[in-house]
Amino acid sequence: MKASVQDTYGCVKWDMKLMPVTETLESQNEKKEKMKILWEQGTFNPDEVKELMETTYYSQRKAINNGTALQTLREEWPFLFHEIGISAQYQELTGLPLTETFLKSVGKKGKPLLNFMATVCANKTRRVFETLTKLKFQRGQLEGCSDDVKDMVLLLLSYFNEDEATLFHYTEETNQAADIQVDCLPVTPCIIVCGASCYSANRFMLSIDGKIVNDKIVQFIAAINVMFGSYYCLNIHYPVKLRSTLEFLQRYHNALSITD
């Protein structure tokens, strides 16, 4: 089973009709092959990869919009599943920087949202109250934007009564990609948490179509952004079990006000 696809919502360059005048099919293929070599080497300059991803955006979109299989995309465009590559693709696609837009929105709206959850929603909804109690225990004395985002996402799942297991799959801290029971993973993008909770984990992975596509994510915010960006960049529909939570996060990533 594959994740169902969507098309153009919120995108400014979903389907490029013409290749940039500075590019040819030969130059596009040369850059694609160069990125494959850099990926295999395992060491690369992030700025160089970002530029290569930006200049080959035309070819990436053609491959994605033509329905190229996930495994083929991973082989031909390995950086498309890395934070650098998916951020470059997302910015070309939507006109917005993925991480910067999200962090700016969290900085403006995150604390008020958490306060609303704690003072209003927890008094009205049993699941939110129970989640808030559990998160206080798991978070302990941890402070910072990353931990606020963990609170925010987990409380949103409770508020909308949606399925945490469709967004997060928890596994042992020491497990590697080969150790993950992929039969248990959803077909839609899923964050694999290597640890007992999002707060204690220092490593994350991303799966799509039940396959591990990135096993080297070290920050929770990066995991959220790669997960969310993959929905847009790969034309994947939000699953019914997560629709409200993801639509709420979409407003943070697209810099919309909550009342828009």
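Is Ser27 buried or exposed, and what is its relative accessible area? Let us start there and work through this predicted model in a few short exercises.

**Exercise 1. Place Ser27 in the fold and say which backbone atom its side chain reaches.**

Solution.
- Step 1: Find the element. Ser27 belongs to helix α1, which covers residues 25-41.
- Step 2: Check the accessibility. Ser27 has a relative accessible area of 16%, and the cut-off for buried is under 20%, so Ser27 is buried.
- Step 3: Follow the side chain. It comes to 2.8 Å from the backbone nitrogen of Thr24.

**Exercise 2. Work out how the rings of Phe204 and Phe220 are arranged and which parts of the chain they tie together.**

Solution.
- Step 1: Begin with the overview. Searching the whole structure gives 13 aromatic pairs.
- Step 2: Take the geometry. The ring centres of Phe204 and Phe220 are 5.8 Å apart, with the planes at 65°. Planes over 60 degrees apart count as edge-to-face, so this pair is edge-to-face.
- Step 3: Place both residues. Phe204 is in strand β3 (residues 204-208) and Phe220 in helix α10 (residues 220-233), so the pair ties together parts 16 residues apart in sequence.
- Step 4: Look at the surroundings. Phe204 and Phe220 are both buried.

**Exercise 3. Describe the pair formed by Tyr231 and Tyr238.**

Solution.
- Step 1: The centres of the two rings lie 5.3 Å apart and the planes stand at 75°, so this pair is edge-to-face.
- Step 2: Tyr231 is buried, at a relative accessible area of 0%. Tyr238 is buried too, at 11%.

**Exercise 4. Trace what surrounds Tyr252, then follow Lys109 into helix α6.**

Solution.
- Step 1: Tyr252 is part of a cluster linked by ring pairs, together with Phe102, Tyr159, Phe160 and Phe248.
- Step 2: Over the ring of Tyr252 sits the charged end of Lys109, 5.3 Å from the ring centre.
- Step 3: Lys109 also marks a kink of about 50° in α6, shortly before the proline Pro112.
- Step 4: Compare spans. Helix α6 (residues 98-124) spans only 33 Å between its end C-alpha atoms, whereas a straight helix of 27 residues would span 39 Å.

**Exercise 5. Sort three salt bridges by the parts of the chain they join.**

Solution.
- Step 1: A general idea helps here. Side chains of opposite charge can pair when their charged atoms come close. In the whole structure, the search finds 13 salt bridges.
- Step 2: Lys13 and Glu92 meet in a salt bridge at 2.6 Å, N to O. This pair links distant parts of the chain, with Lys13 in the segment before α1 and Glu92 in helix α5 (residues 83-94), 79 residues apart. Lys13 is partly exposed, at 31%.
- Step 3: Lys32 and Glu76 form a salt bridge with their closest N and O atoms 3.0 Å apart. Here helix α1 holds Lys32 and helix α4 (residues 70-76) holds Glu76, 44 residues apart. Lys32 counts as buried at 14%, while Glu76 counts as partly exposed at 23%. Both belong to a salt-bridge network with Glu33 and Lys36.
- Step 4: Glu54 and Lys50 meet at 2.5 Å, N to O. Both are in helix α2 (residues 46-55), four residues apart, about one turn of the helix. An α-helix has 3.6 residues a turn, so residues three or four places apart point the same way. Glu54 is partly exposed at 28%, as is Lys50 at 34%.

Methods
Residues are numbered from 1 along each chain as its sequence is written. This is a predicted model: local features need pLDDT of at least 70, side-chain atom pairs count only at pLDDT 80 or more; totals for chains, interfaces and linings use all residues. Side-chain values use heavy atoms; hydrogens and water are left out. Rings of Phe, Tyr and Trp (its six-membered ring) pair if their centres lie within 6.5 Å; planes under 30 degrees apart count as stacked, over 60 as edge-to-face and the rest as tilted. Helices (H or I, at least four residues) and strands (E, at least two) are DSSP runs, numbered from the N terminus. Buried means under 20% relative accessible area, exposed over 50%, partly exposed in between (1.4 Å probe, protein chains only). A charge sits over a ring if NZ of Lys or CZ of Arg is within 6 Å of the ring centre and within 35 degrees of the ring normal. The expected span of a helix is 1.5 Å times one less than its number of residues. The bend at a residue is the angle between axes fitted to the seven residues ending there and the seven starting there. A polar contact is a pair of N or O atoms within 3.5 Å; within protein, one must be able to donate a hydrogen and the other to accept it, and residues adjacent in sequence count only if both atoms are side-chain atoms. A salt bridge is a side-chain nitrogen of Lys or Arg within 4 Å of a carboxyl oxygen of Asp or Glu.
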